[in-house]
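Reader: I'm new to this and have a few questions about the model on my screen. Could we go through them together?

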Amino acid sequence: MTLRECYESIQGDLDGLIGRVMGEERAERFSMKFLNDQSYSQLMDAIGQGDFENAFRAAHTLKGVCANLGFTKLQEAAAELTEAMRGGTKPENTELIEQTKAEYERTMQALMAYQSSR
Amino acid sequence: MYKALIVDDLEINRELLAEILEDEYSIVLAENGQQALDILTTEDNGISVVLLDLVMPGMDGYQVLEEMSSRSLLDRIPVLVISAESAVMAERRCFDMGVMDFIHKPFDSVLIRKRVENMVELVDYKNQLEEKVREQTDTLREQNGLLREQARKLKERNTKMIDVLGAVVESRNLESGEHIKRVKGFTRLLGEQLMQECPEYGLTQEKMEIIVSAAALHDVGKIAIPDSVLLKPGKLTKEEFEEMKTHTIRGCEILDNVEGAWDEEYGRYCYEICRYHHERYDGRGYPDGLCGEEIPVAAQIVGIADVYDALVSERVYKGAFTEEEAFNMIQGGECGLFSDRILAGFAHVRAAFKELALNQKNHAAQ
């Protein structure tokens, strides 16, 4: 599995990432860093505790990092969730949380599949 | 190498930016707002540009900006905000707070490089210009001070030379330079009184300084009067008196010949005083028979000062009058008519005139 195939499976923007970091090698290194990124778990912890202020911040951070790494689908889901919690409010549409969860899992699976194929 | 401070709570973001910039900048990293401020405090001038995230736990980007603004750091250190924040209001707020640029995530590495480079260059250039302006302002201020000091010295020397000139003329009168000193003193007393009492004359302290200095030359024309007339002990004949009167016009001829020695205003006052200090308010003075306010106020003032001094001093042709006699003679029009306003001013400084006359006399006797 190539990194490009990995990105294609999650409809990500690999070329955008390569452009940002100037090189495929770096693109790979940075995309792999996402495997250890804490913003998703912080988001879910905060939601679990009903702390929507911190949840907003974590979602905002997740949205930012996904934008930079070219995880377009997860970025879009996180963006919607971010806006639903702006000001520290509980999202009316809990579907947004599920959607983010689903996209995150899809992204992580693809990244892990790529990592194990190397 | 310029130092760039990268402030972002997420490691991936910090590393991404560091990779983009590390070829051209030495990178300093901060995980949150407080750390960023600590670094700005300790490294102070060392940081050339700040790349700032907005949404961070603890102290966020806005608070960092507020703190930087209150410490006047934003004038010196440009800030580039890099945020996933899509709301236009957030961007506006950042610019209102004084950030120099705003980039949305995801960012493009080439644009980041370019924009950071532009910011650093711009602020560098601005700082250099300000430094240069400061240097030049200092130099100018210094030079201005020197010039003013030189102008002051020149003026002082000019006044002294004029006093010397007056004293030279007077020495032919077999008098010391005391008459000049006294006339200048009386002129100042009366002139400064009129400055208060009669604003319509438009006298100012600056003008008074010039008038007092120019008063030293009121009799400069006497240098051209022959000894037989100037030093005659008794009463002058009609012809001799006519000759004596020409000292006013001859003084002006001398002044005309030294044109260029002083500025226009100074020259004008010298001329007025020389020519008109024997004019009287009723038109019965000389040389031109000017009437009332046709007589320049400077000449009117020096006119009284001159007459008063002549009265209270001993001369080859007369003894000294007492202060009371002198005062009454002038007020009574025995030495020619003066304007009521000037006589009123004279009455108000009578005591000071008396004191000055006495001091000078004692001084001369010592």
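Reader: Where in chain B is B:Pro106 found?

Author: Keep in mind that we're looking at a predicted model. The peptide bond leading into this proline, from B:Lys105, is cis, with omega near 0 degrees. Going along chain B, strand E5 covers 101–104 and helix H5 covers 109–171. B:Pro106 sits in the stretch joining them, the loop between E5 and H5.

Reader: And B:Pro287, is the peptide bond from B:Tyr286 cis or trans?

Author: Most peptide bonds are trans, so that's the usual guess. B:Pro287 is in the loop between helix H11 (264–276) and helix H12 (297–312) of chain B. The bond from B:Tyr286 to B:Pro287 has omega near 5 degrees, and that makes this one cis.

Reader: Which helices of chain A does the loop with A:Met22 lie between?

Author: This residue catches the eye with its positive phi of about 60 degrees, although it isn't a glycine. Most residues other than glycine have a negative phi. As for its place in chain A, the loop with A:Met22 lies between H2 and H3.

Reader: Is A:Met22 buried, partly exposed or exposed?

Author: Let's count neighbours: A:Met22 has 14 other C-beta atoms within 10 Å. Buried takes 20 or more, and exposed takes 12 or fewer. The count for A:Met22 falls in between, so the label is partly exposed.

Reader: How about B:Ser72, buried or exposed?

Author: B:Ser72 also has a positive phi, near 55 degrees, and it's not a glycine. You'll find B:Ser72 in the loop between helix H3 (61–70) and strand E4 (79–83) of chain B. With 8 other C-beta atoms within 10 Å, and a limit of 12 or fewer for this label, B:Ser72 is exposed.

Reader: What pattern does chain A follow along the sequence?

Author: Chain A has 118 residues, and 43% of them count as buried. The chain contains seven helices and zero strands. Read along the sequence, that gives α-α-α-α-α-α-α.

Reader: Which helix gives the largest share of the side of chain A that touches chain B?

Author: The contact takes 19 residues from chain A and 14 residues from chain B. On the chain A side, helix H2 (14–21), helix H3 (24–33) and helix H5 (52–69) each supply at least two residues. That side divides into six nonpolar, seven polar and six charged residues. The largest share, eight residues, comes from H5(A).

Definitions and conventions:
Residues are numbered from 1 along each chain as its sequence is written. Chains are lettered from A and ligands numbered from 1 in the order in which they are written. This is a predicted model: local features need pLDDT of at least 70, side-chain atom pairs count only at pLDDT 80 or more; totals for chains, interfaces and linings use all residues. Two residues are in contact if their C-beta atoms, placed from the backbone, lie within 7 Å. Helices (H or I, at least four residues) and strands (E, at least two) are DSSP runs, numbered from the N terminus. Ala, Val, Leu, Ile, Met, Phe, Trp, Tyr, Cys and Pro count as nonpolar, Asp, Glu, Lys and Arg as charged, and the others, Gly among them, as polar.
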